[in-house]
Amino acid sequence: MAAPARPGLRGPVRTARRAAATAPLLFSALLLAALLAGLLLGPARVTADGLLAVLADALDLAPLPDFHLRDAAILGVIRLPRVLMAALVGAGLGVAGAAMQ
């Protein structure tokens with residue numbers, strides 16, 4: 001004899017709630033990966049070590065070594081403003097799209 005059905009979430013409703021709970025985490029991870037790719041990739045090579053050294057210098061955690069001065073200039077003048085502007089434009093387009101609906 002089968003056990004009586006218990007009330008609660010079953011089947012597609014449970015799956016939809018799980019997907020709704022994990023979607024923000026997935027999209028946040030994708031945004032972070034895109035931001036890091038925008039900072040690290042380009043014609044002038046900047047390594048993750050250079051990015052961390054520039055970040056540590058900006059937060060006054062460690063002095064910037066001389067061999068990372070080029071990385072600091074590339075990141076601070078070219079790539080960081082471009083990546084931040086792209087994120088702001090994307091957020092603005094998302095808000096505008098939500099408002100249009």
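Leu52, Leu55, Leu59 and Leu61 make up a nonpolar patch on the surface, and together they account for about 450 Å² of accessible area. The structure described here is a predicted model, and this report works outward from that patch to the rest of the chain.

**Helix 2 and the patch**

One member of the patch, leucine 52, sits in helix 2, which spans residues 48-58. Leucine 52 counts as exposed because its relative accessibility is 55%, and the cut-off for exposed is over 50%. Other positions of this helix are covered: Gly50, Leu51, Ala53, Val54 and Ala56 are its buried residues. Leucine 52 is therefore an exposed residue in a helix that also has buried ones, among them Leu51 and Ala53.

**The loop after helix 2**

Aspartate 60 follows helix 2 and lies in the loop that leads to helix 3 (69-100). Its backbone deserves a look during inspection of the model: aspartate 60 is not a glycine, yet its phi is positive, at about 60 degrees. Most residues other than glycine have a negative phi. The side of the loop occupied by this residue is open to solvent in the sense used here, since aspartate 60 has 70% relative accessibility and so counts as exposed.**The salt bridge**

The structure holds 1 salt bridge. It joins the side chains of aspartate 71 and arginine 70, with an N to O distance of 3.7 Å. The two partners fall into separate burial classes: aspartate 71 counts as buried because its relative accessibility is 6%, while arginine 70, at 46%, counts as partly exposed.

The residues with a stated relative accessibility are listed below.

| Residue | Relative accessibility | Class |
|---|---|---|
| Leucine 52 | 55% | exposed |
| Aspartate 60 | 70% | exposed |
| Arginine 70 | 46% | partly exposed |
| Aspartate 71 | 6% | buried |

**The chain as a whole**

The chain contains 3 helices and 0 strands, and its pattern along the sequence reads α-α-α. Of its 101 residues, 15% are buried. The accessible surface of the chain is about 8000 Å², and carbon and sulfur atoms contribute 73% of that area. Among contacts with a separation of 6 or more, 51% are between residues 24 or more positions apart.

Notes:
Residues are numbered from 1 along each chain as its sequence is written. This is a predicted model: local features need pLDDT of at least 70, side-chain atom pairs count only at pLDDT 80 or more; totals for chains, interfaces and linings use all residues. Side-chain values use heavy atoms; hydrogens and water are left out. Patches are made of residues with over 30% relative accessible area and no salt bridge: like charges are joined within 9 Å, nonpolar side chains (Val, Leu, Ile, Met, Phe, Trp, Tyr) within 5 Å. Accessible areas come from the Shrake-Rupley method with a 1.4 Å probe; for residues, only the protein chains shown count as cover. A salt bridge is a side-chain nitrogen of Lys or Arg within 4 Å of a carboxyl oxygen of Asp or Glu. Helices (H or I, at least four residues) and strands (E, at least two) are DSSP runs, numbered from the N terminus. Buried means under 20% relative accessible area, exposed over 50%, partly exposed in between (1.4 Å probe, protein chains only). Contact means heavy atoms within 4.5 Å.
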